[in-house]
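Student: Please take me closely through one helix of this structure. I am new to it, so go on to the surroundings and the other chains afterwards.

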Amino acid sequence: MTHKTLIPIGPYHPLQEEAEFFQLYCEGETVVDMDARISYNHRGIEGVSMNRTWDQVPYVVERVCGICSASHPLAYVQAVEEIAEVEVPERALYVRTIINELERIHSHLLWFGLAGHFIGYNTVFMWAWRYREPCLDALEVVTGSRINYANHTVGGSRKDLTPEMVKFVGERLDEIEGPLDMFITTALEDPILSLRLKDVGVLTEQDARALGACGPTARASNVPIDVRRDDPYAAYDRVDWDVMTCQNGDVFDKVVVRLLETKEAIRILRQALRDLPEGPVQASVKEVPPGEGVGHVEAPRGETFHFVKSNGGAGPERHKIRAPSFNNVPTFRASCIGQPIADVTITLASIDPCYSCTERMAVVADRDTGEELMNFADLVKLSRQKTEEIRKQL
Amino acid sequence: MSVLDKVKLWGLKKSPWVYHVNTGACNNCDIEVLELLTPRFDVERLGVLLACSPRHADALLVTGICTRQARPRLQEIYRQTAKPCLVVCLGACACTAGIFHDAWHFAGPVDEVIREVDPDAKIIYIPGCPPKPEAMIAGIAKALQDL
Amino acid sequence: MQTILIVVAAVLGSIVLGLLFSWVDRLVTARIQWRKGPPVYQPLADIVKLLGKETVVSESASLWPFLLAPVLGFAGVCAAAAILWAVAINPDASFVGDLIVVIYFLTFPSLVLILGASASGNPYGAVGAGREMKLVIGYELPFVLAMVPAIVAAGRALSRPGFELAGSFKLSAILQAQQNGAVAGSLAGFLALLCAMAVMQAKLGVVPFDQPEAETELTGGVILEYSGPALAMIKLMRAMLLFVLPLFIITVFWGGVSLRGWGLLATPLKVVVLLVVVVLMRNTNPRLRIEQAMKFFWFIVTPVAVIASVLSAYA
Ligand code: SF4
């Protein structure tokens with residue numbers, strides 16, 4: 001009988017900035033099974049946002065996850081705009097595109113740096129983050145803040161881009177375009193990097209489809225899904241760009257897909273900055289009638305989805321958020337089992353998981369009193385009892 | 001103050017290693033913490049290193065509201081940290097819970113949670129959502145000055 | 001009396017130079033990464049601070065092995081440093097077999113880390129200890145094999161035209177044999193030097209061979225549970241190794257240390273070259289997986305070391 005060790009990753013582990021908890025069941029250095037526990041970061045944002053007014057909610061959902069702080073508000077405002085049937089001005093659509101693509105560049109570079117850090121390649125970490133700075137500068141100039149942009153509002157955009165800003169963003173793009181080419185060459189050609197990342201944590205196309213992966217995780221496994229193309233929002237149908245895919249689904253391909261997407265984002269940005277139409281950036285929204293609306297946005301990590309229900313009041317009656325990591329986390333089991341521990345960390349990191357997005361709680365409660373009836377341990381007991389009973393019957 | 005104490009204090013001031021605890025943050029504060037290590041801000045020139053275990057840490061950087069799940073763990077981490085150690089409440093969330101003050105999973109402000117374990121804990125607050133990296137450096141520098 | 005003086009000087013000198021070197025390491029790393037880097041007193045400040053903190057020992061740890069390990073490792077490195085310095089200052093201080101003794105002392109740091117980590121009662125520590133063990137198994141053989149060209153050269157020099165075995169295990173004999181040309185000057189010696197440098201990287205526990213620590217996988221692995229003075233000991237041990245290992249390699253392969261005439265310039269230069277190689281290697285490589293590292297040592301470094309030994313016999 002082989003000896004199994006239980007290795008906890010987390011809840012506090014420097015692998016991710018966030019608290020999460022994976023239990024790896026290992027034989028020697030090989031992982032034979034794993035289990036994920038979440039909810040250390042659960043804050044109940046859906047609940048918070050149902051206590052806010054229509055205009056306040058974007059600022060709350062922006063804090064679902066810091067890195068996607070342009071995607072969540074955009075998905076939300078699109079949902080509300082659907083209910084209120086607002087015609088968003090053309091210029092606002094372009095501004096939204098610009099901010100979301102800048103966010104994509106900063107997020108992908110951030111991830112690339114962290115991936116380097118996880119495999120002990122700190123030089124990559126520092127260099128990637130250094131080239132990310134111009135992008136943050138551009139965002140700071142455009143929106144006023146490095147990270148939480150607070151720019152999307154129902155009916156348009158809070159701030160307009162002045163010609164100086166357009167010029168500034170263009171210059172920052174020039175600054176990072178060169179290094180980015182260098183990075184892609186390094187990633188594709190560095191022999192040790194490919195030794196370390198190729199054929200590691202493979203997610204097959206079949207698994208990716210079956211588990212419903214989305215975003216770069218799916219695209220690296222040759223599943224070409226992208227909300228920006230499949231159901232265009234903002235100004236994505238007005239610019240020329242391509243969906244990037246790779247064939248193998250290993251960690252290396254996930255790096256490649258993200259880097260190519262970053263280049264693509266620069267392409268989109270250049271067109272958007274060039275074609276920025278004149279006009280207002282804010283349509284007036286008087287009230288939100290009762291109804292239901294859905295908004296989805298291709299966040300850097302995949303599709304983020306917001307459902308909003310209105311009863312005609314001052315704020316949403318129900319607000320449901322589904323972040324991309326929620327789809328991508330289950331792929332861990334497909335890609336991690338059978339890997340050595342050293343590869344698990346980079347595989348876990350490769351979907352660029354975002355736990356603060358994903359966290360949720362399951363509570364079995366009494367409908368009238370709201371009292372908690374069962375917790376996780378009880379549920380396990382229940383399920384074991386059932387197994388026992390079935391066994392007895394046999 | 002004896003010479004020995006002075007030397008100890010010098011060491012503490014010149015080499016604060018930080019351990020980063022996320023008790024339910026939105027990630028922005030965490031990113032900005034990592035940002036501190038990178039070329040533009042490079043806090044290593046001040047001796048600050050990101051420690052990989054609370055055992056090696058001199059300061060806990062706590063980000064995020066303290067959720068119910070995180071609360072006992074934060075207390076445990078504080079107990080595990082080699083004293084003397086500072087606690088830095090980073091960001092509006094950790095200082096006051098900010099925008100999440102009425103979230104149902106919020107289990108008490110970070111400072112109260114820490115004080116339950118150690119009433120004389122040294123706690124410093126760096127507000128902002130997220131605080132700019134410059135503000136973080138300024139906050140930590142000030143805290144070290146008053147040690 | 002003189003011996004005691006030399007030992008004290010050796011230990012203090014190694015500490016000071018080691019701390020200085022670890023600063024250089026951090027500075028060069030920072031510069032490669034577009035950063036400014038820490039001030040020169042930084043490693044000292046780290047040690048002073050750690051000495052002033054409490055040592056937390058977890059309940060699951062076995063106290064004595066856990067606390068004794070860093071002390072033993074520190075002592076081992078001190079002993080190696082003392083022998084190397086003594087020989088460098090006064091070749092007559094060399095004794096038969098001191099080469100082997102130094103090699104032995106240089107394995108101390110890895111052994112005590114295995115001991116300490118296993119005693120720490122932490123699962124990450126256990127995995128880290130396992131990895132350290134695998135690494136030791138990987139690199140010790142080529143390290144010893146790499147010494148052969150130097151020993152052979154010394155044996156030849158001692159008793160032309162024959163070969164004397166016992167005397168050639170002396171560091172002073174190796175030094176003497178290098179008076180008209182370093183061991184590394186020959187092909188065999190050069191190959192051996194390359195092997196020894198690869199092993200040095202692993203012995204220092206830096207990327208690409210930092211699997212036992214791997215802060216993003218094992219959160220510090222072998223040193224995870226240490227805090228306060230015990231951690232200071234380990235850090236000090238590492239810093240000293242950063243100086244002692246290059247010193248050892250220079251003594252064996254590169255004409256040794258001399259503080260007279262040109263040597264005053266050449267010796268620091270040699271050390272700096274070795275140090276820079278270590279730093280560059282560490283910054284331009286990701287961490288290997290443990291089995292990749294073992295494969296590297298067994299299937300690349302060991303055969304090269306064997307070839308070097310065989311070549312040296314025919315030179
Ligand atoms: S303070 Fe703001 S940026 Fe920081 S964790 Fe809280 S919501 Fe996020």
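**A helix and what lies beyond it**

Tutor: Start at an end point: A:Gly144, just after α5(A), takes a positive phi of about 100°. Keep in mind that this is a predicted model.

Now step back into the helix itself. α5(A) covers residues 122–143 of chain A, 22 residues in total. From its first C-alpha to its last it reaches 31 Å. At 1.5 Å a residue, 32 Å would be expected, so the two values are close. Still, the helix has a kink of about 25° at A:Glu133. The proline A:Pro134 follows shortly after that kink. Most of α5(A) is covered, with 17 of its 22 residues buried.

Next, use one residue of this helix as a marker. A:Asp137 falls in the 122–143 range of α5(A). Its partner for a distance is A:Val255, which sits in helix α11 (residues 251–275) of chain A. In sequence the two are 118 residues apart, and in space 24 Å, C-alpha to C-alpha. A:Val255 has a relative accessibility of 5%. The cut-off for buried is under 20%, so A:Val255 counts as buried.

Widen the view to the whole of chain A. It has 16 helices and ten strands. Of its 394 residues, 60% are buried. Take the contacts in chain A with a separation of 6 or more: 69% of them come from residues 24 or more positions apart.

Chain B offers a pair of helices. Here α2(B), residues 28–37, packs against α6(B), residues 133–145, at an angle of about 70° with the axes 9 Å apart. That angle falls within 65 to 115 degrees, so α2(B) is roughly perpendicular to α6(B). From α2(B), the residues in contact are B:Cys29, B:Glu32, B:Val33, B:Glu35 and B:Leu36. From α6(B) come B:Pro133, B:Met136 and B:Ile137. This contact holds six nonpolar residues, no polar ones and two charged ones. The charged pair is B:Glu32 and B:Glu35, because Glu counts as charged. A rule helps in reading such lists. An α-helix has 3.6 residues a turn, so residues three or four places apart point the same way.

One residue of that contact, B:Ile137, leads on to B:Val48. They are 89 residues apart in sequence, yet 10.0 Å apart in space, C-alpha to C-alpha. B:Val48 lies in the loop between α2 and β2 (49–50) of chain B. Its relative accessible area is 11%, under the 20% limit, so it is buried. Leaving out residues up to four places away in sequence, B:Val48 touches B:Pro16, B:Val18 and B:Val43.

Finish with chain C. It has eleven helices and zero strands. Read from the N terminus on, its elements are therefore one α after another. Of its 315 residues, 59% count as buried. For contacts in chain C between residues at least 6 apart, 77% join residues at least 24 apart.

Helix α8(C), residues 187–204, has 18 residues. Its reach is 26 Å from first C-alpha to last, close to the expected 26 Å. It is mostly covered, with 14 of 18 residues buried. After α8(C) comes C:Gly205, with a positive phi near 70°. Chain A gave the example we began with: A:Gly144, just after α5(A), also has a positive phi.

Technical notes:
Residues are numbered from 1 along each chain as its sequence is written. Chains are lettered from A and ligands numbered from 1 in the order in which they are written. This is a predicted model: local features need pLDDT of at least 70, side-chain atom pairs count only at pLDDT 80 or more; totals for chains, interfaces and linings use all residues. Side-chain values use heavy atoms; hydrogens and water are left out. Helices (H or I, at least four residues) and strands (E, at least two) are DSSP runs, numbered from the N terminus. The bend at a residue is the angle between axes fitted to the seven residues ending there and the seven starting there. Buried means under 20% relative accessible area, exposed over 50%, partly exposed in between (1.4 Å probe, protein chains only). Axes are lines fitted to C-alpha atoms, for helices over the stretch in contact, and angles run from 0 to 180 degrees between N-to-C directions. Angles under 35 degrees count as roughly parallel, over 145 as roughly antiparallel, 65 to 115 as roughly perpendicular and the rest as oblique. Contact means heavy atoms within 4.5 Å.
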